[in-house]
Amino acid sequence: MAAMNFGKVLVPLVGIVLIAGAWRSYGWSGVALVVGAMVMFMLLHFNRAIQVLKRAANRPIGTVASAVMLNAKLKPKANLLHVVALTRAIGELRSPQDTQPEIFRWTDAGGSWVDATFVNGKLTEWNLVRPEPTEEAAAIEADAPASDAVKPGATDALRPPV
């Protein structure tokens, strides 16, 4: 038996209790205040969702700037909207549509990717896959000078003035 999502029952129940308490304490003005606050709360969440999706609409599906950084920023139980906000792109769906768990993939320009598994919209697990470097890429990297090496002619800049 699947665990019940208490948020689907608890949130409306709390709303009804708040409206009833406002009615009892302040009458119609209390109800108007509580309902206004609830509408404002829903509009804030709707606005955030629209902004995240608007940013993600301008990027190709399943791309991310750095899969390694995404892997470092992911946390268990994060919702899908939060992960889309992190990546600024909608993930590439890797599982059959409308089935649980949902598996999404984000790939970077270097060929690394992160597969994230969502159950009921919450992140349960993820893994980073980095491609093995080819022999040609390893040879190019071995020939490249180290970034901390002193460049020719730069030794004069290191001497103290006379």
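In this predicted model, Glu92 is partly exposed, with a relative accessible area of 30%. Its side chain meets that of Arg94 in a salt bridge, with an N to O distance of 3.1 Å. Arg94 also counts as partly exposed, at 43% relative accessibility. The structure holds 2 salt bridges, and the other setting to look at is the pair formed by Arg105 and Asp115, whose closest N and O atoms are 2.7 Å apart. Arg105 lies in strand E2 and Asp115 in strand E3, so this pair ties together parts that are 10 residues apart in sequence. Here the partners are buried: Arg105 has a relative accessible area of 15%, and Asp115 has one of 14%. Both values fall under the 20% limit for a buried residue.

These strands belong to an open sheet of 4 strands, arranged in the order E1-E2-E3-E4 with antiparallel pairing. Strand E1 (92-93) and strand E4 (122-129) form the edges, each pairing on one side only. Helix H4 (residues 80-87) packs on the sheet, where it touches E2 and strand E3 (113-119), and its direction makes about 5° with that of E2.

Following the sheet from E1 onward, 2 bridges join E1 to strand E2 (residues 102-107), and Leu93 has Phe104 as its bridge partner in E2. E2 then pairs with E3 over 6 bridges, again in the antiparallel sense; Glu102 finds its bridge partner in Phe118 of E3. The hairpin of E2 and E3 leaves 5 residues between the strands, and Gly111 in this hairpin takes a positive phi near 95°. Between E3 and E4, 7 bridges support antiparallel pairing. Asp115, the salt-bridge partner of Arg105, has Asn127 as its bridge partner in E4. The hairpin of E3 and E4 has 2 residues between the strands, with Asn120 adopting a positive phi near 55°. As for E3 itself, 5 of its 7 residues are buried, so this strand is largely enclosed by the rest of the structure.

Turning to the helical part of the chain, Phe6, Leu10, Leu13, Val14, Val17 and Leu18 make a nonpolar surface patch of about 600 Å². One of these residues, Leu13, lies in helix H1 (residues 7-26). Leu13 is partly exposed, with a relative accessible area of 48%.

Note on methods. Residues numbered from 1 in each chain as written. Predicted model: local features only at pLDDT ≥ 70, side-chain atom pairs only at ≥ 80, totals over all residues. Heavy atoms only, no water. Patch = residues over 30% accessible without salt bridge, like charges linked within 9 Å, V, L, I, M, F, W, Y side chains within 5 Å. Areas by Shrake-Rupley, 256 points an atom, 1.4 Å probe, with all protein chains shown as cover. Salt bridge = Lys/Arg side-chain N within 4 Å of Asp/Glu carboxyl O. Buried < 20%, exposed > 50% of the residue type's maximum accessible area, 1.4 Å probe, protein only. Pairing = 2+ DSSP bridges. Contact = heavy atoms within 4.5 Å. Axes fitted to C-alpha atoms, helices over the stretch in contact; angles between N-to-C directions.
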